[in-house]
Amino acid sequence: MRNVLQKAQELAEAILQSDVYQRSKAAEEAMTADPEAARCLADYLEKQRAVNAILSTEDMDATALAEAGAALQEAEDRLHANPLVKETQEANAACNEMLDNVNRIIQLIVRGKTEDAAGCTGNCAGCAGCGHGA
């Protein structure tokens, strides 16, 4: 058991040192430090709370919901248009994909199969995805 935990720690450290993780961390730090990105995120969260508040009322006002929904959509569009937010989303998606691939590889080796049939099969011939054979 101790060997397994040691290898898990080594894997975690390798992930932290990976270019994919480093890109994600740097993008999040840049986004957090940028006042405009922070304003976009805060505005989006505020509009999201407003929609949720309307949805949670028993006598929901459809007009108020439509207006709040439109405001939320505008805030979301501004959020996604921010280059730092966009880079953070892309970097986080790449990091999540890497972690999913690591999990698939572990499942394949330990259980002989993956839960996701579209994931890593262990046969790297013709695969451009997880880097299993790299």
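**Exercise 1. The nonpolar surface patch**

Which residues make the nonpolar surface patch of about 380 Å²? Identify them in this predicted model, and state where Leu 11 belongs and how accessible Leu 11 is.

*Solution.*
Step 1. The patch is formed by Leu 11, Ile 106, Ile 109 and Val 110.
Step 2. With three residues, helix H5 (residues 83-111) gives the most to this patch.
Step 3. Leu 11 is part of helix H1 (residues 2-17).
Step 4. Membership in a patch requires over 30% relative accessible area. Leu 11 has a relative accessibility of 34% and therefore counts as partly exposed.

**Exercise 2. The overall architecture**

Describe the secondary structure of the protein and how much of the protein is buried.

*Solution.*
Step 1. The protein has five helices and zero strands.
Step 2. Along the sequence, the elements follow the pattern α-α-α-α-α.
Step 3. The protein has 134 residues, and 22% of them count as buried. The cut-off for this class is under 20% relative accessible area.
Step 4. The accessible surface amounts to about 9500 Å². Carbon and sulfur atoms hold 54% of that surface.
Step 5. Among the contacts in the protein with a separation of 6 or more, 58% are between residues 24 or more positions apart.

**Exercise 3. A salt bridge between helices H2 and H5**

Which residue forms a salt bridge with Arg 23 at 2.8 Å? Place both partners in the fold and classify their accessibility.

*Solution.*
Step 1. The partner is Glu 87, and the closest N and O atoms of the pair are 2.8 Å apart.
Step 2. This pair links distant parts of the chain, with Arg 23 in helix H2 (residues 19-33), Glu 87 in helix H5, and their positions 64 residues apart.
Step 3. Arg 23 is partly exposed at 34% relative accessibility. Glu 87 is likewise partly exposed, with a value of 28%.
Step 4. The pair belongs to a network of salt bridges that links Arg 23, Glu 87 and Glu 90.
Step 5. A search of the whole structure finds six salt bridges.

**Exercise 4. Two salt bridges that involve helix H3**

Examine the pair Arg 39 and Glu 36, then the pair Arg 78 and Asp 43. For each, explain how the partners are placed along the chain.

*Solution.*
Step 1. Arg 39 and Glu 36 form a salt bridge in which the closest N and O atoms are 3.0 Å apart.
Step 2. Both residues lie in helix H3, and because they are three residues apart, about one helical turn separates them.
Step 3. Arg 39 is exposed, at 53% relative accessible area. Glu 36 is partly exposed, at 38%.
Step 4. In the second pair, the side chains of Arg 78 and Asp 43 meet in a salt bridge with an N to O distance of 2.6 Å.
Step 5. Arg 78 belongs to helix H4 and Asp 43 to helix H3, so this pair ties together parts that are 35 residues apart in sequence.
Step 6. Arg 78 counts as partly exposed, with 40% relative accessibility.

**Exercise 5. The patch of negative charge**

Which residues gather in the patch of negative charge on the surface? Determine also where Asp 59 lies and whether Asp 59 is buried or exposed.

*Solution.*
Step 1. The patch consists of Glu 58, Asp 59, Asp 61 and Glu 67.
Step 2. Asp 59 is located in the loop between helix H3 (35-55) and helix H4 (62-81).
Step 3. A residue counts as exposed at over 50% relative accessible area. Asp 59 has 67% relative accessibility and so is exposed.

**Exercise 6. Pairs separated along the chain**

How many Å separate the C-alpha atoms of Ala 30 and Thr 88, and how many separate those of Asn 52 and Ala 68?

*Solution.*
Step 1. Ala 30 lies in helix H2, where Ala 30 is partly exposed with a relative accessible area of 34%.
Step 2. Ala 30 and Thr 88 are 58 residues apart along the chain, and their C-alpha atoms are separated by 8.6 Å.
Step 3. Asn 52 is situated in helix H3. Asn 52 is partly exposed, with a relative accessible area of 44%.
Step 4. From Asn 52 to Ala 68 the C-alpha to C-alpha distance is 9.4 Å, at a sequence separation of 16 residues.

Notes
Residues numbered from 1 in each chain as written. Predicted model: local features only at pLDDT ≥ 70, side-chain atom pairs only at ≥ 80, totals over all residues. Heavy atoms only, no water. Helix = DSSP H or I, 4+ residues; strand = E, 2+ residues; numbered from the N terminus. Buried < 20%, exposed > 50% of the residue type's maximum accessible area, 1.4 Å probe, protein only. Contact = heavy atoms within 4.5 Å. Areas by Shrake-Rupley, 256 points an atom, 1.4 Å probe, with all protein chains shown as cover. Patch = residues over 30% accessible without salt bridge, like charges linked within 9 Å, V, L, I, M, F, W, Y side chains within 5 Å. Salt bridge = Lys/Arg side-chain N within 4 Å of Asp/Glu carboxyl O. Lys, Arg positive; Asp, Glu negative; His and termini not counted. Charge placed at Lys NZ, Arg CZ, Asp CG, Glu CD.
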